[in-house]
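Here is a friendly walk through one structure, written for a reader who likes to know how each term is defined. Have the model open beside the text and follow along.

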Amino acid sequence: MLPTVYRGSLALLTDLYQLTMAYGYWKRRRADRLATFHLFFRKLPFEGGYAVAAGLGLAIDYLRQFRFDDEDLSYLATLRGNDDRPLFEEGFFDYLAQLRFNGDLEAVAEGTVVFPNQPLVRVTAPLLVAQLLETPLLNLINFSTLIATKSARICQAAQGESVLEFGLRRAQGIDGGLTGARAAFIGGAGATSNVLAGKILGIPVRGTHAHSWVMAYGDEPQAFAEYAEAMPNNCVFLVDTYDTLEGVRHAIEAGKELRQRGHKMVGIRLDSGDLAYLSSEARRMLDEAGFPEAAIVGSSDLDEYVIQSLKQQGAKISVWGVGTRLATAYDQPALGGVYKLAAIQNEQGEWERRIKLSEQRIKTTIPGRLQVKRYSRDGRVVGDLMYDELLGEPNEKVIIDPADPARRKKLSAAMECETLLQPIVRQGEIVYQSPTLAEMQARTQTELARFHPSVRRLLNPHGYPVGLDRKLYRERERMIQAARGLEQED
Ligand SMILES: Nc1ncnc2c1ncn2[C@@H]1O[C@H](COP(=O)(O)OP(=O)(O)OP(=O)(O)O)[C@@H](O)[C@H]1O
Ligand SMILES: O=P(O)(O)OC[C@H]1O[C@H](OP(=O)(O)OP(=O)(O)O)[C@H](O)[C@@H]1O
Ligand SMILES: O=C(O)c1cccnc1
């Protein structure tokens, strides 16, 4: 079982309107109709070519503990409407008190590469419960997927070299720091400076020292020597407090001292200035002084673009400390994931599809109970086919882009195929054996490697084919026409 991040019920971690709708469904006897919702996003973050799904483990945590306890209900009883009378009547609290997640949930595994409009999570549950989950599921999946994606991009730029997540001080609050560290690890960061994330989640923790250490002594050689004395088995000297190359010389002196005492200098850290020039000079100096194995850690407002540029300039940095721009997804602080109703049972228990129209074609929802098949050939992925399980087996010949139906991808029987949404909860029982965080991280890497480099590239990536099978495409078009009061042309 995964370590628990959230302890206790967080049933009130939802928007008020979910509870007022829930109350309405209960009052109007619609609460128990089964409904299917999909969680998906419409646009890839960072103008990138892919996203990395994350946050499912947190969602499982949430569902496992989902219940309204006495304190929650007492609080809800204090809420008033505009006539100053209670918002909810007493009987509703008895109903909420016994409420548990009793539905089905399917999701893509954390570390799976995902694309717009395909469900990351699918919930089929009594309408009231499924509705209540909208806000928490979006809260948990959106942020984690965003940060895992940012991390994957940064790690991609680092070309397999170690990335350390240093973002806690700039993260969006306590939870942003904690679940951000978790998502960054899934995306590929090798360690975090966040010690609580180490304790709760088992993520490796790493760190160097701050400028304040050197400033506290005022004298850099003395500061390094004292640090080596105090902590001989963890010495990465920060060399840029006064004069960087002079700092490297002082680190070399401290390294020699360490060696004489039977220890090893791990490396140095550069945190300002021209990192390409300074790292090359530092590398030359360390090598000449007999420290070819000393690592050079680079930090200072790094992101995937600066790292890529430094690599192109031949920077000799071997470990990348990345804080603010990773932990906050600096250039795009939110993933626009949504959670939409796609099918609901009628009074007779028959399933009916539902659609939400939009002026923008791409924003019109995809109805049905969706599943995704990912096709590949010789280990390379080819395209993702979405189909509606309510319409039966998919038509596997062609993937139709719903935004531009002229764009189609042909499939062949020779291709391998996998189903992306996996069973996580069945009738309230968790049936999923959660992988470890390390396994999720490995999944991100093996998954990404299956995509063509043109999909992975950071700038102007190639669009990966994701679309509908013919049956779903036709049904959606029929529903769009019907909802607009038009006859279908075809
Ligand atoms: N050779 C380089 N090519 C491209 N970007 C670089 C290079 N060297 C450093 N950078 C980046 O340029 C930015 C420089 O930041 P900034 O001008 O704030 O100064 P700094 O050198 O970090 O100094 P300080 O921390 O003292 O303000 C950082 O994002 C850093 O990662
Ligand atoms: O730059 P980031 O990617 O966020 O990485 C973390 C930063 O945090 C620390 O310094 P801090 O930002 O506290 O101060 P400084 O940059 O002014 O030294 C560290 O020295 C890094 O520069
Ligand atoms: O350990 C470090 O070097 C570190 C930790 C947090 C932020 N900046 C640097």
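By class, the shell around ligand 3 holds one nonpolar, six polar and one charged residues. In this classification Ala, Val, Leu, Ile, Met, Phe, Trp, Tyr, Cys and Pro count as nonpolar, Asp, Glu, Lys and Arg as charged, and the others, Gly among them, as polar. The shell itself is made of Phe-166, Ser-193, Gly-207, Thr-208, Arg-269, Ser-299, Gly-321 and Gly-323. A residue is near a molecule or strand if its C-beta atom, placed from the backbone, lies within 6 Å of it.

Some ground rules come next. This is a predicted model, in which local features need pLDDT of at least 70 and side-chain atom pairs count only at pLDDT 80 or more, while totals for chains, interfaces and linings use all residues. Residues are numbered from 1 along each chain as its sequence is written, and chains are lettered from A and ligands numbered from 1 in the order in which they are written.

**Confidence and overall build**

The predictor's confidence in each residue, pLDDT, runs from 0 to 100; its mean over the chain is 96, with 99% of the residues at 70 or more. Both ipTM and pTM come out at 0.97. The C-alpha trace spans about 80 × 60 × 35 Å along its principal axes.

The chain contains 17 helices and 21 strands. Both are DSSP runs numbered from the N terminus: helices are H or I with at least four residues, strands E with at least two. Of the 490 residues, 45% are buried, where buried means that 20 or more other C-beta atoms, placed from the backbone, lie within 10 Å of the residue's own (12 or fewer would make it exposed, and in between it is partly exposed). Among contacts between residues at least 6 apart in sequence, 72% join residues at least 24 apart; a contact here means C-beta atoms, placed from the backbone, within 7 Å.

**The other two ligand shells**

Which residues come nearest to ligand 2? They are Phe-166, Asp-271, Ser-299, Gly-323 and Thr-324, out of 14 residues around this ligand. The elements giving two or more residues to the shell are β11 (319–322) and α14 (324–327). Phe-166, Ser-299 and Gly-323 also appear in the list for ligand 3.

Around ligand 1 we find Ser-272, Gly-273, Asp-274, Leu-275, Ala-276, Ser-300, Asp-301, Leu-302, Val-306, Ser-309, Leu-310 and Gln-313. Here α12 (275–288) and α13 (304–312) each give two or more residues, and α13 gives the most, with three. The table sets out the classes for these two shells.

| Shell | Nonpolar | Polar | Charged |
|---|---|---|---|
| Ligand 1 | five residues | five residues | two residues |
| Ligand 2 | three residues | six residues | five residues |

**Sheets and strand pairs**

Two strands pair if DSSP finds at least two bridges between them. An open sheet of six strands follows the order β7-β6-β11-β10-β9-β8, with parallel pairing. Because β7 (191–192) and β8 (236–238) stand at the edges with a single partner strand each, one side of each is left without a neighbour in the sheet. Within this sheet, β9 (267–270) and β10 (295–298) pair over four bridges in the parallel sense, and Gly-267 has Ala-295 of β10 as its bridge partner.

An antiparallel open sheet has seven strands in the order β13-β12-β1-β5-β3-β19-β20. Its edges are β13 (351–353) and β20 (429–430), each with a single partner strand, so one side of each has no neighbour in the sheet. Four bridges join β3 (104–107) to β5 (121–126), with Glu-106 opposite Arg-122.

Strand β14 (370–377) meets β15 (380–388) through eight antiparallel bridges, and Arg-377 stands opposite Arg-380. Their hairpin has two residues between the strands, and Asp-378 takes a positive phi near 50° there. β14 also pairs antiparallel with β18 (416–419) over four bridges, where Arg-374 faces Glu-418.

**Annotated spans**

UniProt positions are given in the numbering used here, with shortened feature names, and annotations may be inferred rather than shown by experiment. An unreviewed UniProt entry lists residues 164–345 as "domain: Nicotinate/nicotinamide phosphoribosyltransferase". In the model, the end C-alpha atoms of residues 164–345 lie 49 Å apart, and the span is 46% helix and 15% strand. The UniProt annotation "domain: Nicotinate phosphoribosyltransferase C-terminal", also from an unreviewed entry, covers residues 374–474. For residues 374–474 the end C-alpha atoms lie 21 Å apart, with 22% helix and 33% strand.

Key
Contact = placed C-beta atoms within 7 Å.
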